[in-house]
Amino acid sequence: MAAEHLEIERKFEVAMKTAIPSMLGLPKVSRVEQVLSSTLEAVYCDTDDLALAAAGITLRRRTGGTDAGWHLKLPRGGDDRAELARPLGDDDAGVPAELLTRVRAWIRDGEPRPVATLSTHRVVHRLISERGRVLAEVSDDVVTSTPIAGQALVNTWREWEIELVDGSRKLLTAAAELFTASGATLSIWPSKVHHALDRNRDPLPPAVADLTEKSPAGAVVHAYLAEQVTEILGRDSGVRHSTADAVHRMRVATRRLRSALATFRPLLEREITDPIRGELKWLGATLGGARDVEVQRSHLLEAVAAEPDDLVLGPVAAGLEVELRSDYRTAHDTLVAAMESSRYFQLLERLEHLVAAPPFTELASGKARPVLRQRVSHSCKALYGLASSGEPGVRDSRDIWLHEVRKAAKRVRYAAEVAAPALGRPAAALVAAATALQEILGDHQDSVLIRETLRGIGVRMFLDGENSFTIGRLHALQQTRGVAAAGAFLQLWSGGVAEQVRGWLRY
């Protein structure tokens with residue numbers, strides 16, 4: 001199994017004859033030890049169109065030094081990268097399947113092949129604290145790249161690399177200042193192979209921190225779309241491996257993206273984005289099968305554990321665990337099969353193109369504040385009209401109505417999230433109000449779905465001659481939960497949220 005850790009480092013390009021400076025003045029550094037001089041050989045792999053390089057990802061097979069093996073590095077923002085390492089095997093003929101599944105979202109149904117070979121002469125300096133802790137390692141590397149199939153130019157360069165071990169980011173910043181004062185420049189390349197291929201990662205969309213009310217409306221929407229696409233791609237591996245919360249996070253990103261494409265559709269060419277929305281609906285539904293079982297299993301096991309012993313007749317928890325785990329495996333197998341399909345890979349292609357070249361209309365060039373405010377208002381009108389229409393008298397119709405109100409509240413929340421960089425505090429307040437509605441009504445909808453599951457289990461137990469008393473009690477508790485959630489929603493809505501939403505209707 002691959003070992004994983006968070007790598008925090010910075011790279012600097014430096015002339016061949018530049019002397020490495022003394023690092024004794026850096027924060028907490030008591031002494032510097034030169035501990036290793038070695039030659040590393042690495043073969044880097046990528047797709048024919050360098051999809052991994054475009055995403056800032058590196059995949060290599062390294063020999064020499066203390067960390068020989070396969071390494072996969074995934075960007076995590078800023079100086080951070082997740083690194084997965086797997087030792088070399090006796091029959092090491094290709095990229096380990098375990099690492100391939102981690103990058104399936106980028107390579108799709110392709111297989112990476114060697115694109116560059118790098119030879120690195122490395123001298124390592126350890127920065128040691130007064131108590132003997134290794135704060136960081138500084139590598140002085142002379143790198144020579146060799147072309148494979150014409151992909152890489154023969155090239156030689158030198159770089160300094162500082163990677164934190166037990167030190168702080170303050171040390172990283174101080175080292176950067178020291179190195180640049182010594183003649184080094186911060187590298188523009190995410191990795192050595194990017195340098196060798198003369199290929200930086202694809203241009204990044206606008207940064208949220210740089211957006212204001214005077215930014216183009218399209219720039220604000222673009223930043224949000226990019227965030228959600230990045231989240232979907234980044235959760236792919238976790239979903240395949242059933243990593244905690246991965247299905248939930250990917251599903252939420254899918255919903256956010258789909259909602260944004262609907263709410264801000266006047267800013268986008270619909271002949272391009274409407275089909276994407278349809279495919280996102282398909283993906284969200286596929287994710288929902290596994291996610292709904294996750295939620296039900298967690299809630300029901302907690303509910304059984306909270307019951308008095310004399311009200312739990314039989315091995316109820318064990319029975320629920322077996323049944324719901326089986327349901328989850330079935331739903332997850334269906335999900336993974338969908339994620340291996342050409343339909344899924346084509347959706348990912350569309351999402352990458354959406355971020356790389358958003359199909360904006362002329363409206364997207366307008367100032368963010370008035371354009372986005374109007375779209376948020378549009379979502380608020382839909383929520384206000386639905387929530388204020390009154391509660392239907394029939395219970396089943398009431399459940400459907402509350403579910404529709406919940407979906408309308410989510411659309412308002414997501415619309416306000418998109419617009420928050422331009423609209424500031426009013427949008428943030430609207431996000432908070434819509435989130436509160438969504439969570440309360442989420443409790444109601446969860447109770448509806450759990451009741452359906454419990455009824456099915458209870459009927460099966462009855463037909464099998466088993467005691468279904470506890471299942472019936474859990475069903476009643478879920479019904480009470482649903483009634484309480486419906487009442488809490490009405491109280492919240494009439495207690496000020498309705499007026500808050502109504503305040504947006506004039507735009």
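# A walk through the chain

Of the 507 residues in this chain, 47% count as buried. You're looking at a predicted model, so keep that in mind as you click around. Zoom out to begin: along the principal axes, the C-alpha atoms fill a box of roughly 85 × 60 × 50 Å. Colour by secondary structure and you should find 14 helices and nine strands.

**Stop one: a pocket among the helices**

Select R255, R406, K410, Y414 and Q438. You've landed in the second largest pocket, which has a volume of about 1,500 Å³. Its lining takes in 48 residues, and the five you just picked are the closest to its centre. Now show the helices around it: α6 (217-240), α7 (246-263), α8 (270-306), α11 (368-387), α12 (395-423) and α13 (425-463) each put at least two residues into the lining. What classes of residue line this pocket? Colour by class and you get 22 charged, 15 polar and 11 nonpolar residues.

**Stop two: between α7 and α12**

Stay with two of those helices and show the side chains of E417 and R256. They meet in a salt bridge, with N and O 3.0 Å apart. E417 sits in α12 and R256 in α7, so this pair ties together parts of the chain that are 161 residues apart in sequence. Buried or exposed, these two? Both E417 and R256 are buried.

**Stop three: from α13 to α14**

Next, select D443 and R481. Here is another salt bridge, at 3.3 Å from N to O. D443 belongs to helix α13 and R481 to helix α14 (residues 469-502), so you're looking at a link between distant parts of the chain, 38 residues apart. D443 counts as partly exposed, because its relative accessibility is 37%.

**Stop four: a greasy spot**

Follow α13 along to L463, which lies in that helix. Add V459 and F462, and the three together make a nonpolar surface patch of about 350 Å². Turn on the surface and look for L463 there: its relative accessible area is 64%, so it counts as exposed.

**Stop five: over to the strands**

Jump to the other end of the numbering and pick D79 and R10. These two form a salt bridge, the closest N and O atoms being 3.1 Å apart. R10 is in strand β1 (residues 3-14), while D79 is in the loop between β4 (69-77) and β5 (80-86); the pair links distant parts of the chain, 69 residues apart. How accessible is D79? Its relative accessibility is 23%, so D79 counts as partly exposed.

Want the wider picture? The count for this model comes to 46 salt bridges. For a group of them, select E7, E9, K11, K73, R81, R122, D141, E159, E161 and K192: salt bridges that share partners join these residues into one network.

**Last stop: H194**

Finish with H194, in helix α5 (residues 192-197). Switch the surface on again and H194 should vanish from view, because its relative accessible area is 0% and it counts as buried. Then draw a C-alpha to C-alpha distance from H194 to K170: the two are 24 residues apart in sequence and 27 Å apart in space.

Key: Residues numbered from 1 in each chain as written. Predicted model: local features only at pLDDT ≥ 70, side-chain atom pairs only at ≥ 80, totals over all residues. Heavy atoms only, no water. 1 Å grid on protein atoms, 1.4 Å probe; cavity = no way out; pocket = protein on both sides within 12 Å on 5 of 7 lines; lining within 4 Å. Points joined across faces, edges and corners; volume = space filled by probe spheres on them. Helix = DSSP H or I, 4+ residues; strand = E, 2+ residues; numbered from the N terminus. Nonpolar A, V, L, I, M, F, W, Y, C, P; charged D, E, K, R; others polar. Patch = residues over 30% accessible without salt bridge, like charges linked within 9 Å, V, L, I, M, F, W, Y side chains within 5 Å. Areas by Shrake-Rupley, 256 points an atom, 1.4 Å probe, with all protein chains shown as cover. Salt bridge = Lys/Arg side-chain N within 4 Å of Asp/Glu carboxyl O. Buried < 20%, exposed > 50% of the residue type's maximum accessible area, 1.4 Å probe, protein only.
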